[in-house]
Amino acid sequence: MVSVCLLAIASGARVLLGVTRLGVVTVSFVTGVMFAALLAPIVSWLVRRGVGRTTSAVIAFFVGVGSAAGLIAFVVAQIDDSSGEFARQLTLAEQARGTGSSTGR
């Protein structure tokens, strides 16, 4: 029984090692599958409304890319807005710690 468990653990480790070596390919593939799964309902809805399948796929693609770009722009703007406050709090924390240095030495 112990040997079966050890064999299962070793097999799992081997699979995990193989997946990490293919990290870029794996992440790209999983992202593409998720993107397609999220856009499939839009394509189906457009096809039911009489739009051709190819045109529906192109429209859905641009809607998806536009949504992702909008989300990224929103997140970057939020980070940019709060970066000054973060820097102020970091300076106060360094001063409270007693270093008074922004170099970290």
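## Helix crossing, surface patch and salt bridge

The axes of α2 and helix α3 (residues 53–97) come within 9 Å of each other, and they cross at roughly 130°. Please keep in mind that this is a predicted model. The protein chain has 3 helices and 0 strands, and the helix crossing is a handy place to start before turning to the surface and the charged side chains.

**Overall layout**
- Following the sequence, you will meet the elements of the protein chain in the pattern α-α-α.
- The protein chain has 105 residues, and 7% of them count as buried.
- About 8,500 Å² of accessible surface belongs to the protein chain, and carbon and sulfur atoms contribute 73% of that area.

**How α2 and α3 meet**
- With a crossing angle of roughly 130°, α2 and α3 are oblique to each other, because angles over 145 degrees would be needed for roughly antiparallel and 65 to 115 for roughly perpendicular.
- The crossing in which α2 passes α3 is right-handed.

**A nonpolar patch**
- Four residues, Phe29, Val30, Val33 and Met34, make a nonpolar surface patch of about 400 Å².
- Phe29, one of the residues in this patch, sits in helix α2, which spans residues 23–48.
- Phe29 has a relative accessibility of 59%, so it counts as exposed, the cut-off being over 50%.
- Helix α2 therefore offers two things to look at together: Phe29 lies in it, and α2 is oblique to α3.

**The salt bridge**
- The structure holds 1 salt bridge.
- Its partners are the side chains of Arg88 and Glu85, with a distance of 2.6 Å from N to O.
- As general background, side chains of opposite charge can pair when their charged atoms come close.
- Arg88 and Glu85 are about one helical turn apart, because 3 residues separate them in helix α3.
- Arg88 has a relative accessible area of 45%, so this residue is partly exposed.
- Glu85 is partly exposed too, with a relative accessible area of 37%.
- Both values fall in the range for partly exposed residues, because that class lies between under 20% for buried and over 50% for exposed.

Key. Residues numbered from 1 in each chain as written. Predicted model: local features only at pLDDT ≥ 70, side-chain atom pairs only at ≥ 80, totals over all residues. Heavy atoms only, no water. Patch = residues over 30% accessible without salt bridge, like charges linked within 9 Å, V, L, I, M, F, W, Y side chains within 5 Å. Areas by Shrake-Rupley, 256 points an atom, 1.4 Å probe, with all protein chains shown as cover. Helix = DSSP H or I, 4+ residues; strand = E, 2+ residues; numbered from the N terminus. Buried < 20%, exposed > 50% of the residue type's maximum accessible area, 1.4 Å probe, protein only. Axes fitted to C-alpha atoms, helices over the stretch in contact; angles between N-to-C directions. Parallel < 35°, antiparallel > 145°, perpendicular 65-115°, else oblique. Left-handed = near helix turned anticlockwise from the far one by under 90°.
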